[in-house]
Amino acid sequence: MVKRLLRKIKSYQFVIFITFFLAALVMFFAFGIYFQNTYQKKTMENKIAQVQSQCNILASQVLQNNFIISSNMNNLNSEIDQLANVLEGRIIIVDSNYLVIKDTYTIEQGRYLISKDVHEIMIGRSGGKTKTLSQNEYIEILVPILDTSTVTQPITTDNSNKPSFVNSDQKQARGVIICVVSIGELTDTNAYMQSQADILYGFFIFISLVVALIMSLILPQPIRILNRKLQHIAEGHLDEPIIVDHSYSEVQDVTDTFNQITGKIQVLESSRQEFVSNVSHELKTPITSMKVLADSLLMQENVPAEMYREFMGDIAEEIDRENKIITDLLTLVRLDKQATNLNIETVNINEMLELLLKRIQPIAAERGIEIILESMREIVAEIDSVKLSLAFSNLIENAVKYNQDGGWVRVNLDADHKFFYVKVSDSGVGIPEDCQDKVFERFYRVDKARSRDTGGTGLGLAITRNAILMHKGAIQLYSKLGEGTTFTVRIPLIYIS
Ligand code: ADP
């Protein structure tokens, strides 16, 4: 159960679902909050600007009507009350002596109002102020009553009716208008907007869920199709290539790679089948010969003793041949395994080659073939001496086997700081160009009859190549038909697994 859940969570489908859903949510909320805030800020700014402009108009009216001095007599009184009603707020006017000359609530009228804000405006340090009160329920706007005209204005006093002249002063205020306005309606609108936004958010969450779900079902579809096709192949249909049309390029790449792998598996499989049939054939040939020889002896009566001896000698030869094939096959199988089977030791290569040549020399001498060892320096390397001895003796034996009587075989040994090189050249029959690639294949023989006559199994070069590759070395072949053959082997001096 937990495993299934974990599998679901790790699935591409789930990742797509979560990514889409979260991305949509973050986007919706970010935009929603941004627009809501911008709207709230804008409506508040509008409200403040509106009240401020009303207060500024009032300030100039107050100045024009000399209201500061004669507020009681002035008909501006009722206009101020009206304005306070319209704004749903309270208007207080303070004169330059900090005396409240008008309070639409009448509470402060006639009293002195000395607050920090009023004082700063009065002395010209501040050009006005806006504050929010009682947790955003009210705004308080303070506006200076400034006599900004350049011309001196007569202002009549309440008592004397004599005009007095006041210099226009840009900074010094003649009084302050304090306007306290309720912004309850804004808060209500915002609360309504919030409730509408909440519904919208809910709707968006639902839409995001649906879109994320649809996407998580649609997007991994090509992978599901690919998996179905792979399952079909896994059921044993290796010969059918996977074809996916109109899919993601990544899926196309996976498909191409997979088709390449199945192609290689098929090649391997067919070479395995060919190998098995070759092995059966090679093993059967000596047995068939033995059967023919034995039957011909059995079918005849009074067979002379010499004939018995001759036929038995032939049968013994076929048994040797069978034995050699089996030995070579076993060697090849051992070399096909991992390189961990290597028994690495420090070996003097010169001595190793001298020993090999000593063993082969008598066979070569029988046919008048000269074997020469040319060694440039003393070479010591880390190798598996048994496996490499086998590889080199196969090359030298071949050089003798496929040589003409009285010919020569030259074994050259050299090294640089990284590798040692063994070159085996002969003056033999050579290998046709079109066969040169194939001679390393198992059971491949250029001239079957010649190979058979010389006791060849067709496995020698396959064994040689495997032993060299296990040592992370390389083998190359240069040959010209009728002129001779050269095999060049390169092996690292130090074996690094
Ligand atoms: P075999 O047991 O038949 O010698 P190998 O695998 O050793 O098998 O060699 C494969 C074939 O390559 C041989 O049958 C032979 O035709 C060819 N060949 C190998 N070495 C030489 C050589 N030095 N000169 C000419 N032909 C060679």
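**Group meeting: a pocket, some salt bridges and a few single residues**

Helix 10 supplies nine residues to the lining of the largest pocket, which is the largest share of that lining. Before I go on, please keep in mind that this is a predicted model.

Let me stay with the pocket. Its volume is about 850 Å³. The lining comprises 40 residues, and those closest to the centre of the pocket are N394, E397, N398, K401 and Y402. Which elements give two or more residues to the lining? They are helix 8, which covers 305-336, helix 9, helix 10, helix 11 at 448-453, helix 12 at 460-470, and strand 14 at 484-492. Sorted by class, the lining has 17 nonpolar residues, 14 polar ones and nine charged ones.

Next, the salt bridges. The whole structure contains 18 of them. As background, side chains of opposite charge can pair when their charged atoms come close. I will go through three pairs.

The first one on my list is D117 with K131, where the side chains meet in a salt bridge at 2.8 Å, N to O. D117 belongs to helix 4 and K131 to strand 3, so this pair ties together parts that are 14 residues apart in sequence. What about accessibility? D117 has a relative accessible area of 12% and is buried. K131, at 33% relative accessibility, is partly exposed. This pair also sits within a wider arrangement: K116, D117, E120, K129, K131 and E140 are linked in a network of salt bridges.

Next on the list is D405 with R367, again a salt bridge between side chains, at 2.8 Å from N to O. Here both partners are in loops, and the pair links distant parts of the chain, 38 residues apart. D405 is in the loop between helix 10 (385-401) and strand 11 (408-415), while R367 is in the loop between helix 9 (349-366) and strand 9 (370-375). Is D405 buried or exposed? D405 is exposed, with a relative accessible area of 58%. R367 counts as partly exposed, with 27% relative accessibility.

The last pair I picked is R377 and D414, whose closest N and O atoms are 3.1 Å apart in a salt bridge. R377 is in the loop between strand 9 and strand 10 (380-383), and D414 is in strand 11, so the pair ties together parts that are 37 residues apart in sequence. R377 is partly exposed at 45% relative accessibility. D414 is partly exposed as well, with a relative accessible area of 24%.

Strand 11 brings me to another residue, N412, which is found in that strand. At 17% relative accessibility, N412 falls under the 20% cut-off, so it counts as buried. What does N412 touch, leaving aside neighbours within four places in sequence? The residues in contact with N412 are E374, M376, Y421, V422 and K423. With E374, the side chain of N412 makes a polar contact, side chain to side chain, at 3.0 Å. One further distance here: the C-alpha atoms of N412 and S425 are separated by 8.3 Å, and these two residues are 13 apart along the chain.

Back to the region around helix 4. S126 is placed in the loop between helix 4 (116-122) and strand 3 (129-133). With 14% relative accessibility, S126 is buried. Not counting residues up to four places away in sequence, S126 touches E120 and I121. E120 has come up already, as one of the residues in the salt-bridge network. A polar atom of the S126 side chain also lies 3.2 Å from the backbone oxygen of G128.

Finally, some backbone geometry. Most residues other than glycine have a negative phi. T106 is not a glycine, yet it has a positive phi of about 60°. T106 is in the loop between strand 2 (100-103) and helix 4, and it is exposed, with a relative accessible area of 55%. K472 also has a positive phi, near 60°, and is a residue other than glycine. Where is K472? It lies in the loop between helix 12 and strand 13 (474-480). At 44% relative accessibility, K472 counts as partly exposed.

That is what I have for today.

Note on methods: Residues are numbered from 1 along each chain as its sequence is written. This is a predicted model: local features need pLDDT of at least 70, side-chain atom pairs count only at pLDDT 80 or more; totals for chains, interfaces and linings use all residues. Side-chain values use heavy atoms; hydrogens and water are left out. Helices (H or I, at least four residues) and strands (E, at least two) are DSSP runs, numbered from the N terminus. Buried means under 20% relative accessible area, exposed over 50%, partly exposed in between (1.4 Å probe, protein chains only). A polar contact is a pair of N or O atoms within 3.5 Å; within protein, one must be able to donate a hydrogen and the other to accept it, and residues adjacent in sequence count only if both atoms are side-chain atoms. Contact means heavy atoms within 4.5 Å. A salt bridge is a side-chain nitrogen of Lys or Arg within 4 Å of a carboxyl oxygen of Asp or Glu. On a 1 Å grid over the protein atoms alone, a cavity is a set of points where a 1.4 Å probe fits but cannot get out, and a pocket is an open set with protein on both sides within 12 Å along at least five of seven lines; lining residues have an atom within 4 Å of a point. Grid points are joined across faces, edges and corners, and a volume is the space filled by probe spheres set on the points. Ala, Val, Leu, Ile, Met, Phe, Trp, Tyr, Cys and Pro count as nonpolar, Asp, Glu, Lys and Arg as charged, and the others, Gly among them, as polar.
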